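Q: I have a structure open that I have never looked at before. Can you walk me through it?

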Amino acid sequence: MQTARMTEEIQVQGDGRGKQERNGPHAGSDMSDKPPRPGTVLEEYEQLPEGVHAEIIDGELHVNPQPAIPHVRSTSRLGTILGPFDLGSGGFGGWVLLDEPELRFERGDILVPDVGGWRRERMPVLPQGVGFTLPPDWVCEVLSPSTELRDRGRKMEIYAREGVKHLWFVNPRARTLEVFALHGGVWERLGLHSGDELVRAEPFEAMVLKLALLWER
């Protein structure tokens, strides 16, 4: 895994072995029918109380604190703004958008982005149970001081490895939106937007996004 950073571009090199397209008979299926092995990190994860924010990264369990109110507000507003892409209203559509989807990858990592989205042609039917094995087409991480390094580091690398096509970072404290696209297993930063800008951001560039709505109280 190699990571290179430049002035206007941040690149995270995936290893090319991730499943970028999983459209077979088990695409998007849940893993709840596979009981965890006793004494494993997965077993510990499965036994956490409902509502606890946790992830498994490189075989290590990470329990995250409850997000602060600005974080929750930005996440909720983003879901509302992008809602027409899920509902198919106002000329938009073609997406399945979910808050905090649990992503279960083949190598054992379990990641929970703040928002995730799949193009409907890749996931025409929602799986049953808990957990998605089909990597999303887009994820958004709303940054918190306690999780930002992990979001920008290993999680970003795993998303590249698994073939997620677009990644957003929303920072309620700095009032910024960073937009990334995956090209050849490498993250390219398409833009850094801030304040009350009007933005067309991939993969939802069909809509003009008013950033100020993400920070409004």
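Q: What does the accessible surface of the chain come to?
A: The chain has about 11,000 Å² of accessible surface, and carbon and sulfur atoms hold 52% of that. Such areas come from the Shrake-Rupley method with a 1.4 Å probe, and for residues only the protein chains shown count as cover.

Q: Where does the model come from, and what counts in it?
A: This is a predicted model, where local features need pLDDT of at least 70, side-chain atom pairs count only at pLDDT 80 or more, and totals for chains, interfaces and linings use all residues. Residues are numbered from 1 along each chain as its sequence is written, and side-chain values use heavy atoms, with hydrogens and water left out.

Q: How many helices and strands are there?
A: Six helices and 14 strands. Both are DSSP runs numbered from the N terminus: helices are H or I with at least four residues, strands are E with at least two.

Q: What share of the residues is buried?
A: Of the 217 residues in the chain, 48% are buried. Buried means under 20% relative accessible area, exposed means over 50%, and partly exposed is in between (1.4 Å probe, protein chains only).

Q: OK, sheets. In what order do the strands of the six-stranded open sheet run?
A: The order is 5-8-9-10-11-12, and the pairing is mixed. Two strands pair if DSSP finds at least two bridges between them.

Q: Which strands are at the edges?
A: Strand 5 (95–99) and strand 12 (186–194), each of which pairs on one side only.

Q: Do strands 5 and 8 run parallel or antiparallel?
A: Antiparallel, with five bridges joining strand 5 to strand 8 (residues 115–119). One bridge there matches V96 with W118 in strand 8.

Q: What does helix 2 touch?
A: Helix 2 (residues 69–81) packs on the sheet and touches strand 8, strand 9 (138–142) and strand 10 (166–171). Contact means heavy atoms within 4.5 Å. The direction of helix 2 makes about 155° with that of strand 9. Axes are lines fitted to C-alpha atoms, for helices over the stretch in contact, and angles run from 0 to 180 degrees between N-to-C directions.

Q: How is strand 10 covered?
A: Six of its six residues are buried. H166, W168 and V170 lie on one side, and L167, F169 and N171 on the other.

Q: And how does strand 10 pair with strand 9 and strand 11?
A: Strand 9 and strand 10 run parallel, joined by five bridges, and V142 stands opposite V170. Strand 10 and strand 11 (residues 176–183) run antiparallel, joined by six bridges. H166 of strand 10 stands opposite A181 in strand 11.

Q: What is between the strands of that hairpin?
A: Four residues separate strand 10 from strand 11, and R175 takes a positive phi near 55° in this hairpin.

Q: Changing topic: how many aromatic pairs are there?
A: A search of the whole structure finds eight. Rings of Phe, Tyr and Trp (its six-membered ring) pair if their centres lie within 6.5 Å; planes under 30 degrees apart count as stacked, over 60 as edge-to-face and the rest as tilted.

Q: Why is the pair of W95 and F204 called tilted?
A: Because their planes are at 55°, with the ring centres 4.7 Å apart. W95 is in strand 5 and F204 in the loop between strand 13 (198–199) and strand 14 (209–210), 109 residues apart.

Q: Are those two buried or exposed?
A: W95 is buried at 3% relative accessibility, and F204 is buried at 2%.
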